[in-house]
Amino acid sequence: MSHLLQDLNSQNMYDAGTAMSGFACFVTPDLARDLANDVMTLLSSTKPYLRKKAILLMYKIFLKFPEALRPAFPRLKEKLEDPDPGVQSAAVNVICELARKNPKNYLSLAPVFFKLMTSSTNNWMLIKIIKLFGALTPLEPRLGKKLIEPLTNLIHSTSAMSLLYECINTVIAVLISISSGMPNHSASIQLCVQKLRILIEDSDQNLKYLGLLAMSKILKTHPKSVQAHKDLVLQCLDDKDESIRLRALDLLYGMVSKKNLMEIVKKLMSHMDKAEGAQYRDELLSKIIDICSQNNYQYITNFEWYVSILVELTRIDGTKHGSVIASQMLDVAIRVQAIRNFAVSQMPELTYSRPTVKSLTFDRQTSWTVFKTQFDVVSSANGWNNRVKASQLVASLRGSAAEVFQGIPSDKLMDLTTIESALDARFGDSHLTQFYRTELKMRRQKPGESLLVLAADVELLMSLAYAECPQDVRHSLAAQYFVDAIRDEDTQHATRLMDAKDLKLALAYSMKYEAVKTVSKTSRNVRSIEIEDGTGKEKDEKFDCLLETLEKLLNSHVARKKTPRRNPNVICWKCNKKGHLQRECLTISPNWEKLMYGRLTGRRLPFLNKAPEEGLKVSTLCGGRNGLYLEGSICSIPCLMLVDTGANVSLVRTDLAQKLKENFIYTAPNISFKTATGEKAEIHGKLDAAIECGSRKFQHRIYVADITDLCILGLDFLQKFNFTVDLEKNEIWTGGEEIPLFSVNAEHSKLCSVLAKEKTIIPARSNVLSRESQKFLKIQIRHN
């Protein structure tokens, strides 16, 4: 103790401060009694640091030795006007804590605290003072009248939510205590309610709860002021926090009137279906009955409506309030004689068993959008609530569709919204909206396609491309796209002039116009011929004979034209062989090969900077003996890639693309490309591929088609990444790196397999391995 006393009286303020901090941690009644005077002496220190420490330590002493409060109180009161803000704040803190036990003893300090409240800018100290005034106001009503104006000013000016709440809470307490002596306080109440609305609308859950709590206090004395904010309270029923939902339910109970009873109950009934947790659902059911039955059914004007509500509540599964519902049914039927016949007529509903529709399964074979529509119909027919719908939806998933559970937290597996969002993100087609819009814009009537089929396709594309648009806008757009897609120009122009407002009208008019046009053509080509004697028949026979003769002459002329009259000894100037001309020569010279593939030795490709022609084109489906290849990989899968500068697109074979499903992008089904020989092949989609050549890797989007080679690198790839070709050295350059090219020729290529049982190191770029005594590992050797 002597050491502690020595430190308290030290000239070094930090030693004294450390001693007071330590003393506060282990103070006992005896130490408090013995050292109270020494600590009290420090209240008069010239150093603010020591005065603040001493004030806070005195609170600990007061708790252990209450007799020290009386002699220390005058000095403590003086510190409320201390010039140092820290000392002043510490004094306010200590007195406010002491006043919590017995506020009456500190009523004399009200003038000092009032002065601090109107002059201080310290929000934390203001909160303490306002709390103290809230405790003093019931003891002195005149104090409440004086507090209204400064508190209202603080409510208007402060941006601190905690201070705002304390001001509102104190104003409410003051107005409740002085309501009889201050009738004109409606403006202050309205101000508090408006500010509480800001708290309730805040995203902070704590502020929202405090706002609802303060609103319930105002509701007891001023219900009309709170009823105007009924919509805001109803929104709180959708909050994730159950405590906020329960607080909103308590508010709704006091906000009910004859005018809004049905509206509030309707909202609560709709909220019942999506309520999570049996406990909250039971609380919601109980609150609906309490709201309707309060004050002997004071607010019910239509008892048939209330009986219907009770019947609907009986359909809620697993509720523990079945007896309450039954007693309400009996009570209403007994008390209200006029309702008895209707109540009896509703009794069969309680024993009615709704027919059960078999649930569906989803395995990705059908569209998720289609399955979702079917599932909603089945759930509605079966009368499922959201909890049952969630369990049924989980049970309906099959195969790869069930993998969606891996991304859903275990506590959300019964949350319908979470499950539907995950399925929509994984299997929905919302991301294809732009694709559907483009397809709708490019849609044209195909040869032989009827207008009815065209209209049905346009309507389907409209529902996929503009699902979020209003119905009238979709009908108008569908009519416009349908007219644009009509193949026949006359029918299209006539339908456009008709200016149909929806697709049905446009379809009906276009079909009618098409039918009339067809009939008009038929009637125009039919003429009646009257024959009076046999001369007409004779003329027809002569005409048929003449027609046969002309047909024979024409056929013989065509046959002669197809059969070439050529000297068998004619010599081709290109290959010096007999039997054909130069223009019919199939031999490919080295120079012509360079031109055909767009390669010039040692120079950059001359037309890489030109735009590709319209349409997708390649030289050939197979490189064959004339193709130049390079070794590389596509998405880490090794393959040989044909370099084809006669192609304006790059292609990959279908079987290779199927191994990379995660990178596969589907395209419209009617896209195709042509080869130089006129062959056509369909495009099955696109592949977002990582193409590796040499030591470099390129990200490029290539088309998927049925080709012979694994991959064809076209102009789009070569131009994009600035490739240079040298045919004399069979090399291709990009970014300063040399990549060898080679030709796969049947005469010079050979594949062979060898097997070894022992570990063998094969040198890089080995061409021949020929030691009969060694058995090598299984490899492939290619000779260039």
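Which side chain meets that of lysine 501 in a salt bridge? Select lysine 501 and look for its partner: the side chain of aspartate 499 joins that of lysine 501 in a salt bridge, with 3.8 Å from N to O. The model on screen is a predicted one.

**Stop 1: the loop after helix 27**

Keep lysine 501 selected for a moment. Lysine 501 is exposed, and its relative accessible area is 59%. Now move to its partner. Aspartate 499 is placed in the loop between helix 27 and helix 28 (503-525). Display the backbone here, since the phi of aspartate 499 is near 55 degrees, a positive value in a residue other than glycine. As background, most residues other than glycine have a negative phi.

**Stop 2: from helix 27 to helix 26**

Select arginine 496 and aspartate 484 next. Their side chains meet in a salt bridge at 3.1 Å, N to O. This pair links distant parts of the chain, with arginine 496 in helix 27 (residues 489-498) and aspartate 484 in helix 26 (residues 471-485), 12 residues apart. Are these two residues buried, partly exposed or exposed? Arginine 496 counts as partly exposed at 41% relative accessibility, and aspartate 484 also counts as partly exposed, at 29%.

**Stop 3: arginine 443 and aspartate 457**

Select arginine 443 together with aspartate 457. A salt bridge of 2.6 Å, N to O, joins their side chains. Arginine 443 lies in the loop between helix 24 (433-442) and helix 25 (451-465), while aspartate 457 lies in helix 25, so the pair ties together parts that are 14 residues apart in sequence. The surroundings of the two residues can be checked by displaying the surface. Arginine 443 is buried, with a relative accessible area of 10%, whereas aspartate 457 is partly exposed at 26%.

**Stop 4: a network of charges**

Go to Asp30, Arg33 and Asp34, and show their side chains. These residues are linked in a network of salt bridges. In general, side chains of opposite charge can pair when their charged atoms come close. Across the whole structure, a search finds 22 salt bridges.

**Stop 5: helix 29 and its surface patches**

Select helix 29, which spans residues 535-562. Colour the surface by charge and find Glu541, Asp544, Glu548 and Glu551, which form a negative surface patch. Of these, glutamate 548 is placed in helix 29. Then switch to a colouring by nonpolar side chains. Leu546, Leu550 and Leu553 make a nonpolar surface patch of about 310 Å². Leucine 550 is found in helix 29 and counts as partly exposed at 49% relative accessibility.

**Stop 6: strand 3 and its partners**

Select strand 3 (residues 628-634). Six of its seven residues are buried, so strand 3 is largely enclosed by the rest of the structure. Which strands pair with strand 3? The pairings with strand 4, strand 14 and strand 8 can be visited in turn.

- Strand 4 (residues 637-643) pairs with strand 3 in the antiparallel sense over seven bridges. To see one contact, select glutamate 631, whose bridge partner in strand 4 is leucine 640.
- Strand 14 (residues 742-743) pairs with strand 3 in the antiparallel sense over two bridges. Here tyrosine 629 stands opposite phenylalanine 742.
- Strand 8 (residues 680-693) pairs with strand 3 in the antiparallel sense over three bridges. The bridge partner of glycine 632 in strand 8 is cysteine 693.

While the side chains are displayed, a general point may help: in a regular strand the side chains alternate between the two faces of the sheet.

**Stop 7: the turn between strand 3 and strand 4**

Select cysteine 635, in the loop between strand 3 and strand 4. The hairpin of these strands has two residues between them, and cysteine 635 takes a positive phi near 50 degrees there. Is cysteine 635 buried or exposed? At 18% relative accessibility, cysteine 635 counts as buried.

**Stop 8: leucine 213 and asparagine 169**

Finish in helix 12 (residues 205-221), where leucine 213 is found. Leucine 213 is partly exposed, with a relative accessible area of 23%. Add asparagine 169 to the selection and draw a distance between the C-alpha atoms. The two residues are 44 residues apart along the chain, and their C-alpha atoms are separated by 9.7 Å.

How values were computed:
Residues are numbered from 1 along each chain as its sequence is written. This is a predicted model: local features need pLDDT of at least 70, side-chain atom pairs count only at pLDDT 80 or more; totals for chains, interfaces and linings use all residues. Side-chain values use heavy atoms; hydrogens and water are left out. Patches are made of residues with over 30% relative accessible area and no salt bridge: like charges are joined within 9 Å, nonpolar side chains (Val, Leu, Ile, Met, Phe, Trp, Tyr) within 5 Å. Accessible areas come from the Shrake-Rupley method with a 1.4 Å probe; for residues, only the protein chains shown count as cover. A salt bridge is a side-chain nitrogen of Lys or Arg within 4 Å of a carboxyl oxygen of Asp or Glu. Lys and Arg count as positive and Asp and Glu as negative; His and the chain ends are not counted. The place of a charge is taken as NZ of Lys, CZ of Arg, CG of Asp or CD of Glu. Helices (H or I, at least four residues) and strands (E, at least two) are DSSP runs, numbered from the N terminus. Buried means under 20% relative accessible area, exposed over 50%, partly exposed in between (1.4 Å probe, protein chains only). Two strands pair if DSSP finds at least two bridges between them.
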